[in-house]
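Let's take a friendly walk through this structure together. Have a look at the model below, and then we will go through its cysteines and its metal site.

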Amino acid sequence: MRVTVIGCSGSFPGPDSPASCYLLEAEGFRLVMDFGNGALGVLQRHAGLYDLDAICLSHLHADHCVDLGAYWVARQYAPGGPRPSVPVYGPPGTAERVAGFGGEGTEAVLARFGFTDLAPGAFEVGPFLITVDHVNHPVETFGFRVEHHGWRLAYSADTGESDALVRLAEGADLLLCEASFLDGPDVRPNLHLTARQAAAHASRAGVGQLVLTHLVPWNDRERTLAEAAGPYPGPLSLATSGLVLGPGAPSTLPRADG
Ligand SMILES: [Zn+2]
């Protein structure tokens, strides 16, 4: 499996990255996980516009799904006619949410995307075995575990502290974990993780590598890394747009504390 970080900016796009989006590739199959603001643009550096085989959405906050509306336009009005339907896995209500972005109604959206409602459990998408479970966020949100040939990726989506996230990430080779907050008195529970909490989840799950993501542009990146370095002893880094991860990619990354 090859994992490319398309967008890792938290809550809204930053100067160097779109909002949440990850491209997962194996055996020629391309799966996009989340589709936040600006992702469709950068995604075209890494995959052909019409070469996506499936899309998974963790939840329906705009910074995780709004560019699916843009992708609908790209498929609906393609030169030579509309492109075939693509499978989209998301929370119940995804079709209506995407229709709201395009303004042409749910039926028009249903013509270009085939929606499947996510529910806790495991299912296969192309060569991937995907397990999802509810995590701890104000709207229905799914964390992911994606496996291919024994290699295991976990993705937190947006979450506050969550035992389900630890279960999904148990023994994973790589955890892409959100770290929206820094330590401080104004951290709100049941919304997002601090970098320190993300690292504690990674440690509890015993993951092989932790990459912090959903990095909000107003946070200091070095402080994010430093606050995670204590609770997680393994390879730790911050996501950047264009970062490639997975078997064959460099697995030993520099520690925050050297
Ligand atoms: Zn969210």
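How many disulfides does the count come to? The count comes to zero disulfides, where a disulfide is a pair of cysteine sulfur atoms within 2.5 Å. Keep in mind that this is a predicted model, in which local features need pLDDT of at least 70, side-chain atom pairs count only at pLDDT 80 or more, and totals for chains, interfaces and linings use all residues. Residues are numbered from 1 along each chain as its sequence is written, and side-chain values use heavy atoms, with hydrogens and water left out.

Why is there no bond at Cys-8 or Cys-177? The table shows the closest cysteine sulfur for each, too far for a bond in both rows.

| Cysteine | Closest cysteine sulfur | Distance |
|---|---|---|
| Cys-8 | Cys-21 | 11 Å |
| Cys-177 | Cys-8 | 14 Å |

Cys-8 is buried (under 20% relative accessible area, 1.4 Å probe, protein chains only), at 4%. Cys-177 is buried too, at 0%.

Now to the metal. The zinc ion has as protein donors (N, O and S atoms within 2.8 Å of the metal) His-59 (NE2), His-61 (ND1), His-137 (NE2) and Asp-158 (OD), lying 2.2 to 2.3 Å from it. Along the chain, these donors follow the spacing H-x1-H-x75-H-x20-D. His-59 sits in the loop between β4 (54-56) and α2 (62-65), and Asp-158 in the loop between β10 (151-155) and α6 (163-169), so this pair ties together parts that are 99 residues apart in sequence. His-59 is buried at 0% relative accessibility, and Asp-158 is buried at 2%.

Notes:
Buried means under 20% relative accessible area, exposed over 50%, partly exposed in between (1.4 Å probe, protein chains only). Donors are N, O and S atoms within 2.8 Å of the metal (3.2 Å for Na, K and Ca); water is not among the atoms, so sites may look incomplete. Helices (H or I, at least four residues) and strands (E, at least two) are DSSP runs, numbered from the N terminus.
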